[in-house]
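Biologist: I'm new to this one, so could you take me slowly through a single part of it? I'd like to hear how the helices pack and what lies between them.

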Amino acid sequence: MPVLLAVFSLFFMQIAGETLVRLTALPLPGPLVGMLLMLVALMAYGKVPDGLRHTCQHLLKHLMLLFIPAVAGIIAYFGTLQREWIPFLAACIGGVALTIAVTALTLRWMMRRSKGSEPIDLTRP
């Protein structure tokens, strides 16, 4: 799968997720639904195509660049943030704590599941 097709697939799934959310009025972000659609498609396909894997690895290497629009959005609403900084801070701390807890539980589950099989090599892509 060439890189252009992989990027098209990522954008298509995001647009499909956004469309599905708008048509059904789901209380979920469109990109999240798009990622779930991509997961279902990859599970149905049975593997991740090499082009998609390489494209996603390059995107993840430069992930910080994708946060620039979010930071610009926060700066645009700085006045609101000054008035309501306590709920914002609580949401940030709660979100980080929840992310760490879910990641730890998932890692523990994966390690128990893979016990008895070959060890997981975290250095291999």
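**How the helices cross**

Modeller: Let's begin with α1 and α2, whose axes come within 7 Å of each other and cross at roughly 120°. That angle is why α1 counts as oblique to α2. As for its hand, the α1–α2 crossing is right-handed. Bear in mind that we're looking at a predicted model here.

Now for the residues that touch. On the α1 side you'll find S9, L10, M13, Q14, A16, G17, E18, L20 and V21, and they meet G30, P31, V33, G34, L37, M38 and A41 of α2. Sorted by class, this contact of α1 with α2 has 10 nonpolar, 5 polar and 1 charged residues.

Next, swing over to α3. The axes of α1 and α3 come within 8 Å and cross at roughly 75°. Anything from 65 to 115 degrees counts as roughly perpendicular, so α1 is roughly perpendicular to α3. From α1, the contact uses V3, A6, V7 and L10, while α3 brings G51, L52, T55, C56 and L59. By class, the contact of α1 with α3 has 7 nonpolar, 2 polar and no charged residues. Keep an eye on L10, then: that residue of α1 is part of the contact with α2 and also part of the contact with α3.

With the helices in place, have a look at the largest pocket. About 860 Å³ of space lies in it. Its lining is made up of 21 residues, and those nearest its centre are L10, M35, M38, C56 and L59. Some of those names should ring a bell: M38 is on the α2 side of the contact with α1, and C56 and L59 are on the α3 side of the other contact.

Where does the lining come from? α1 (3–24), α2 (30–45) and α3 (50–61) each supply at least two of its residues. The largest share is from α2, which gives 8 residues. As for character, the pocket lining has 18 nonpolar and 3 polar residues, with no charged ones.

Note on methods
Residues are numbered from 1 along each chain as its sequence is written. This is a predicted model: local features need pLDDT of at least 70, side-chain atom pairs count only at pLDDT 80 or more; totals for chains, interfaces and linings use all residues. Side-chain values use heavy atoms; hydrogens and water are left out. On a 1 Å grid over the protein atoms alone, a cavity is a set of points where a 1.4 Å probe fits but cannot get out, and a pocket is an open set with protein on both sides within 12 Å along at least five of seven lines; lining residues have an atom within 4 Å of a point. Grid points are joined across faces, edges and corners, and a volume is the space filled by probe spheres set on the points. Helices (H or I, at least four residues) and strands (E, at least two) are DSSP runs, numbered from the N terminus. Ala, Val, Leu, Ile, Met, Phe, Trp, Tyr, Cys and Pro count as nonpolar, Asp, Glu, Lys and Arg as charged, and the others, Gly among them, as polar. Axes are lines fitted to C-alpha atoms, for helices over the stretch in contact, and angles run from 0 to 180 degrees between N-to-C directions. Angles under 35 degrees count as roughly parallel, over 145 as roughly antiparallel, 65 to 115 as roughly perpendicular and the rest as oblique. A crossing is left-handed if the near helix is turned anticlockwise from the far one by less than a right angle, and right-handed if clockwise. Contact means heavy atoms within 4.5 Å.
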